[in-house]
Structure formats: structure tokens, C-alpha cells
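Please open the model in your viewer and keep the selection tool at hand. The stops below are meant to be taken in order, one selection at a time.

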Amino acid sequence: MPAPSQQEREQCRRSVQLLDDIAIGATDTRSWDLDALMARAHFYRLLQEYSRALNFLNQAVALQSWIPALLEKTEILIILGKWDQAAETIQRVLHQNERTLDALRLSVLVRMTQNSDETATIEELHLMFKSMERYESTNAMLYFQTACSLSRVSGRRAPVIQLVMTLCKRAVDLDPTNAEYVVELAHQKAMLGDYHGAMLTYREAGRNDEANLAALYGTIYCQVMIAELEDAEQQLDFLLTISESIDQSAQLPYLKALLAWRRERNEIEHVRLLRKAEKLHFQKVANQVVVVSIFDSYRVLDPDFLIQLAKEFLIHAKAGSNCTDDAVNRGINILERVVDQVPGLIEAHLLAAGAQFATGQFDVAARTLDVALECDSQSAPAHLLMAQLEIARNNFRGADTALEQAIACDFEVRKAPAYALVKSKLCLHKGSPNEALGTLHDAMRASGVRDGAEMPAVSLSERVALFITLGEVFAGLGRFDEATSILAEARERFRGTPEEARVIMSSSMLAAKRNDFDNAVSILCDIPQASSAYIDAMKLKAKLYLTVKHDKCAYVQCFQDLVALDPSVATYEQLGGAYMHIQAPDSAIKAYEKAHNIERHRASLAAKIANALVSTHEYLKATNYYLTALQAHTNDTNLRHDLAKLYMKLQKYDSAIQVLAYALEPVESAIQVPKMKQGVQSLILLAEVYCCTDEHCAADLTGSNPVEQVLLRAQDLQHGVMEQINSTLGTESITKQKMIMGRIHCSLARVYVKEKSIGKAIASYQDALKIDNNVSEVCMLELALLRYKQGRLTQCEEQCLVLLRVNTNNNACAMLLADVYFLKQDHVAATAKLCAVLDREPNNYFALSKLIKLLRCAGQLNDVPRFVDLAERSNARSLSHPGLNFCKGLHCRYSNDVPGAIKHLNLARRDGKWGLPALVNMIELYLNPNCETQHTPVSPLVNCCRI
């Protein structure tokens, strides 16, 4: 129903004014007349003043629990997004009459839009169908409208669509000549993937009504889906010849976009036509704001079409594509609009998360998946995608947990290619390459992986990923011939597809692993400039030149070629990054300046130029550049942080405090989470500045220790951030903020340790451990060291043992535990701990020096040469390392080899870290070369603390 004209609005307004006048002048109950209240409510609904409409409906319901008023109220609540209240109102109607058809229809709609519980949806559909059969068995229009609206929010779930299709078939049976009904039946067949059957039904509708364009659109769509592209193009050409005489529809550019991509692989034209289809569709939605029924609003919105449109945009969700940013952002924006209206469509959540994952937005993808799992915690695809995401973030424990949850939700998920990819990578991480190989071989034997002909077809990207991963596993096992063979097969199978470039790049990396550098570069040259992977190929070629050939000129030339091909901000920025990587900051500055000249509003480019100037030690120029950039970007907090860090480096602490003070001015009154987060970072950085200087001159800070005061402010502000995000963002964002809070508590604890406020320090460490597990190792180690300094050896030992259960390879903790055992006179246990550390890290010279002193006390100096030899073998440069020379000198001294001791200690005495203890030992030897009076230290830690 189109929006009412101005004349119609005025007539309605006069009518409602008349009702208001009567109500004001009335002294009896006429002012509470139900019809008058319903009329007012309907009028304000037409004006889209939904709150006022709801007010009158509440009055009507208060007067009498009247079912029409309750149903109208339900629709208003749905429009306002108050789904819980809408569901309660529906239940109130059904409590009065459980067979109320309109209430059952609304209940099904609410269930399908808000919940992905398929079983409950099917049950409610059956109840609604029985009620329709009983009360409206001959109402073809009602069957059609209900089927049409519900199918659009079904998420293409086969059991649901099959039931909805029953309604549509009933409408067709009641009125078989109505082409609109037949078209809808064909559309639902297409939603089930029965494109041949749908095409026949569309043609039947066309015979009933030759002017029905929807039938022609549907026929073309089915032809595209079954790859009859020539026939589809001919039909589309016919449509284009008469397009001037028909209304503009989103279907026309959408079909043209499908053909542009599937027939010509024209990425730019594909995205342009999709944008046009998107624009036309939302114009139609905007022009149909006022509707008779909430069902009509979902039919016009058509979430199913929007999801298909988003899928086409998200085809380009891969790095290196010319249209990636625009296409992916538009696709995700469309999906966000869908989930805003139909949050129960988990497919929309998964598509958005998949696109964010493919473009490297891991944190955003994690938040989207958290929302999806809140919608349906039993969604195996959501858990599987979460496992893939955790693998990409190197969180193998999280990936393993997500994979187990996916299997628990649906045992059949093990047949999915994504499962095999995740499982194989987990096996590789656990050191089981043969098990990974078996998993991949099983996946490769599945139908549709090699030929891609099965239905439902395995996606092209997953097929390619299986081939590439299998090749990588073969290469890891040293079976290069088999790896080459599988990648050669992949190149043949995927020739001419968008994923061919990925296979070519994998073949190049395999050649590089075989030390065939020339072949690796030659393979990359096969990727044409028009390919979306050309930029990635050039980056890989540059990496090979630098890491294999150590040819810096050829490395830079690859990025210069990209600039010559497309002199844009992105390519100049990449060129600048390449120059910085090879430590050519002067050239990097020129590249960054060219990028900045193209886009002067990019503050990040100004920061990179200033950072490059710092690399050339031109601190004054860098400072001036930051100051100039801040004049153009006054509120850019990141720029202020960079400038403050530069001032810290130059020991201009007053200037750093001044810069940060300006950034902190609006923080006290900030209520937006981003501003509060920036304020927390500013306060943390300010605390670092105060730690570097004794001149605390901030007027707004009071107390004896401004570092403590600043950190307490940061703690309070971060607490506010966490309170706000707990109800709005996903687990990933909350975890990140907990990590920041944990670090603040750790910093506070260190301040308290310096002040010798041991009780406060321990409390802060314990608070950090409660809030964030990611800082647990650091906090537990520092807490154990604090116990050690207090002389509480038992508590220190307990804390160390807990930490070693968390991470058995924590060498610092093992060394501290060795000191504890030494003080407890348990030399055997202390020695065992240090030996275990050196077995894991032979070049840990601090641990080796401790061990030498322990073995001296135990009279086992003959065991020292084994660890010295192990250190020499593990690092070819260890012979010249001051740490090893100090350890050798220490061993020689304790073995009464004075010349050898002087020789090795002399080689270590000029080092900044090992020089002082080396000089101390040399002086002691010169004063007492015969070692007539020897002093044994109480603890290895005491004598090594100067190292």
C-alpha cells in the first residue's frame, strides 16, 4: 500500500480531530468508545507515529481485552522491534481463543523471524494450517499472502518451505488461473533448488498471463542457475528491448549481474549492476512504508532476495580484488539490515561472519558468530566456522573445542570439507602429519571434491583449499613429488576459475621449498595483471627475492611495478612499507608523501611519514610533522599517542604530558565507548611517562604518587567501558577489554611493589588473575617472585608449581623454583629444574651460570661440559657470545683453571649485560689467583642478580 497523499492525510486528520472534539465535550463514556480509539490508532499508524498509535491501542485494551485491538497492538510492537512484548500479546489472544487465525499467523511470523528453532516453527505452522482449513478453507488470497510472506523469512530451510508450499499449492488449487499464485509456487520451488521444476511452473504461469514479468524473470533466473546461460541471455535481451515500457525492477539488474559474472567474469560490471539492484529494491521498500498488514511489509522487504543479493556481493570477499572493499561492505550492510528485521535468520549471520573472516576481520567475525550462536547454539555450521576462525588466529585449543561442539550438534558435519581442513591443521599442530594426511585423503574421496558436480556442490574455495592443504602436508613430510603432482592436478582442474591464482601461488611456494627459486618466480609470472590475485602474487615474488636471493633491488622493484600499474594510495603505501622493511627510510618518506598528496585527510599516512623520519634520526622534522598533522587532525588520538611516545624517546616528558593532557580533556564526560577506550590508552601512556621522570607537574593530579593516581583513573574508566560492552558486543571484544583491565592491575601491582605496599600489590595481582587469564603467567610469575623476596618460600613454591601446570615450558618460573629448592637445601631438585630448562633452551646462559654454581656446590663440575657443548651445537654463533664466554670463565674459575678463566671472562667484560659480573670475577681472581679463601653465595639468584 503506497503512502497516503497529502489530501488523504488531511481528510484523516479532520476525521480524527472530529473524534477528539466529541471526546473532549463528552461527559459520559463515549470518549472511551472502542471504534474511536481504533480509528485514532490506525490514523497515527498511517502517519508512522507508532508510539501514539500504541498509546490509543493500550487504552482500547484497558477498556476491554478486545482481540482486534490486541492484534493491531501486536503489529505495532513488531514494527517497533519489541518482539518479546509482541509474543506476550499474541499469547494473550491465544489464551482467550486458541484458534484465533490471525494470532496463529502472527505467532508463526514472530517465531520464524526471531528464532531458528525449526521443530517449534513446524509445529506452529501445522496449527496455523489447521486453523486456516477450518475457518478460511476457500480464501485463496489469504493462503497466497501467508505463503508469500512466510517463504521470504524461511531462510530456505527445506522442511519449512515444504510446509509453506502446501499453503501456496492450496491457493493455486482454489484459483488455478491466477498467474500470480502460480509464480509464487514456482518461486518456492526455486528456493528449494528444484530449478527445472520451477522453470516449468514459471512457463505455466506465463501461459496463464503473458504480461506477467515475474514469470519471465523467474524463468531467466532458473536458466542461469542450471547454467543455460545462452538461453538466459536471449531472454534477457528480449526484456531489455521492452524495458522502457515496464516499471524499473530490482530483478532486471540483478539478472544482468548474474550473467555478467557467470558468463563474462566481469567483476566491475557485476558489482555495478548489483548496486543498481540494491538501490531499486530499497527504493521500492521506502515507497511502500505504509502497509495494511505486517505480512505485506516482509513480502516487500523480501529478506530472502536480500540474502541472495548479499551472496553475490560477497563473491568478491577475497584479498586483492579490485572491488573487495566496496562489494564486501555493501554485502555486509545488506545482511545487517536483514538481521535487524529478521534476527532469526542464522544464514545471514553466517554469511556476514564468513565475509569478515575471508577479508581478515577476525575480531568482527568472532563477534558476529557470537550473535549467531546466541540465536542458535546448536548450529553446527556456526561452530565449524568458529573453528576455522580460531585456526586462523592460531588458537588451536579454541579451534579444537569449537570442532567438538560442531560434531556434538551434527555428526554429519564430519563430511564437510571445512571439517577436514580444520582437523588436518589441528593434527599438524599436534605433530601428527600422517593423521592429517589420512583426514585429507578421506575428504578428497568425497563426492564433488574433485569434479564439483554433486548437489549440493562443494564450494570452489573449499575444493581448492583441500588440494592446497594436501600439497602442503606432502611437502611437510618431504614427499615433494606427490605434492607437485597434487598441485599440478589442481592447476588443471581449476584452470580458468577465480581460484586458479591460489593454486599457482601454492605451486610457487612449493618450488621455493624445493630451493628451485627460478621456477618459483616463473610460476608467479603466469598470473596475469587482470587477475584479482596479481597483487598477492607480486608480494610473494618480492618476498622470495628478499628472503631467498637477498636481492633488495628486485624486492623493491616488485612494489614499483605495482605503483606503475596503479598509482594509488594503497600501492604507494605498500611501496613505502617495502622501503621501511629494507631500512631505506628516505625513500619510504618519498613514497608516503606521494600517497599523502593523493589523500591528505589520511592521518595514518602522516603518522607513517613521521615514523620514517624518526628512523632517520631526524627527530625535529618528525616532531614538526606530527604537530602539523595534529593541526589538521586535532582530535586524532592515535597521532597524539605517537607524538607523546616520540617526546618520551627524546626525554621531553613535560611536552609528552601536555600532549596527553589535551587528549584527556573530554574523557571525563565521555559516554561513547570508542572515546572511553581512547581515554584508557591515553592514561596508560601517561602513567608510562610519569614512570620515566621524577618531575610530576600535572595540576589535576593529587597524591604522593601520580603514577598510581593515573592508573586508578584508567582502572575506573576501563570498568565503565566493560560495563557498556557487556550488553552490546560479543565475547571477543569483552575478552580484549578484560586483557586491558588485567594489564592495568598488573601495572598497579608493580607500583605498589616499588612503594613496598606488599598487601596492595598482592591484591592487585590477584585481581588481575581473576579478570584475565591472558596475563596469568606474567602475574603468577611476578607474584611468585614477590613471595620469594618476602622469604615465603613455601608460598613461592606453590605459586610456581601452579604456573608450571599452566605452562610446563615457562623457563623463568622453572629457574625461580630452582632457587627455591636451593634455599631449601634440595640441590638435586634444583639441578633437575635447571637441566630441564637447558634441554629446552640450550642458549639460556643465565640458567647455565646458575647451574654451574649449583653443580659446584654439589661437587659435580664434571657435568658442566655437556651443557656447554649443547649450547655450542645449538647455535653456530654461540662461540662469540659473551654469555657463553662468561659461563666458560666461571667453570674454569671453579675448576682452578685461572688462565682459562681470565681468557673467557676477558671476552665477556665489554658486554653491557655480562660485562659487570665478568669484571667482578676477574677482579676477585686477580686479588686471589690461588682461590685460597672462597665465598659461597647463599643463592644463585643473589649472585646473578647483577647480570
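Begin by selecting His-617, which at 58% relative accessibility counts as exposed, where exposed means over 50% relative accessible area, buried under 20%, and partly exposed in between (1.4 Å probe, protein chains only). This is a predicted model, in which local features need pLDDT of at least 70 and side-chain atom pairs count only at pLDDT 80 or more, while totals for chains, interfaces and linings use all residues. Residues are numbered from 1 along each chain as its sequence is written, and side-chain values use heavy atoms, with hydrogens and water left out.

His-617 sits in the loop between α33 (603–615) and α34; helices here are DSSP runs of H or I with at least four residues, numbered from the N terminus. Although His-617 is not a glycine, its phi is positive, at about 65 degrees. Most residues other than glycine have a negative phi.

Next, select Asp-302, another non-glycine residue with a positive phi, here of about 50 degrees. Asp-302 belongs to the loop between α16 (294–301) and α17 (303–314), and with a relative accessible area of 12% Asp-302 is buried.

Go on to Asn-624, placed in helix α34 (residues 619–632), where a relative accessibility of 38% makes this residue partly exposed. If you add Leu-643 to the selection, you will have two residues that are 19 apart along the chain and whose C-alpha atoms are separated by 9.8 Å.

Now turn to the interior, and select Leu-150. Leu-150 is listed with Ile-78, Met-128, Ile-220, Tyr-254, Tyr-298 and Leu-309 as touching the most other members of the largest nonpolar core, which has 115 residues; such a core is a set of buried Ala, Val, Leu, Ile, Met, Phe, Trp, Tyr and Cys residues joined through side-chain atoms within 4.5 Å. Which residues is Leu-150 in contact with, leaving aside its neighbours within four places in sequence? They are Val-108, Leu-109, Met-112, Leu-125, Met-128, Val-164 and Phe-295, contact being heavy atoms within 4.5 Å. A second, separate core holds 92 residues, among them Met-505, Ala-511, Tyr-572 and Val-710.

The cysteines come next. A search of the whole structure finds 1 disulfide, the term standing for a pair of cysteine sulfur atoms within 2.5 Å. Select Cys-746 and Cys-779, which this disulfide joins with an S to S distance of 2.5 Å, and view along the S-S bond, about which the angle is -65 degrees, making the link left-handed. Since Cys-746 lies in helix α39 (residues 731–754) and Cys-779 in helix α41 (residues 776–790), the pair ties together parts that are 33 residues apart in sequence. Cys-746 is buried, with a relative accessible area of 3%, and Cys-779 is likewise counted as buried, at 0%.

For contrast, select Cys-558, whose sulfur is 8.8 Å from the closest cysteine sulfur, in Cys-525, and therefore too far for a bond. Cys-558 counts as buried at 4% relative accessibility.

Finish at Ile-923, located in helix α49 (residues 915–927) and partly exposed, with a relative accessible area of 48%. Adding Leu-919 and Leu-927 to the selection shows the nonpolar surface patch of about 310 Å² that they make with Ile-923. Patches are made of residues with over 30% relative accessible area and no salt bridge, with like charges joined within 9 Å and nonpolar side chains (Val, Leu, Ile, Met, Phe, Trp, Tyr) within 5 Å; a salt bridge is a side-chain nitrogen of Lys or Arg within 4 Å of a carboxyl oxygen of Asp or Glu, and accessible areas come from the Shrake-Rupley method with a 1.4 Å probe, where for residues only the protein chains shown count as cover.

Notes. Helix = DSSP H or I, 4+ residues; strand = E, 2+ residues; numbered from the N terminus.
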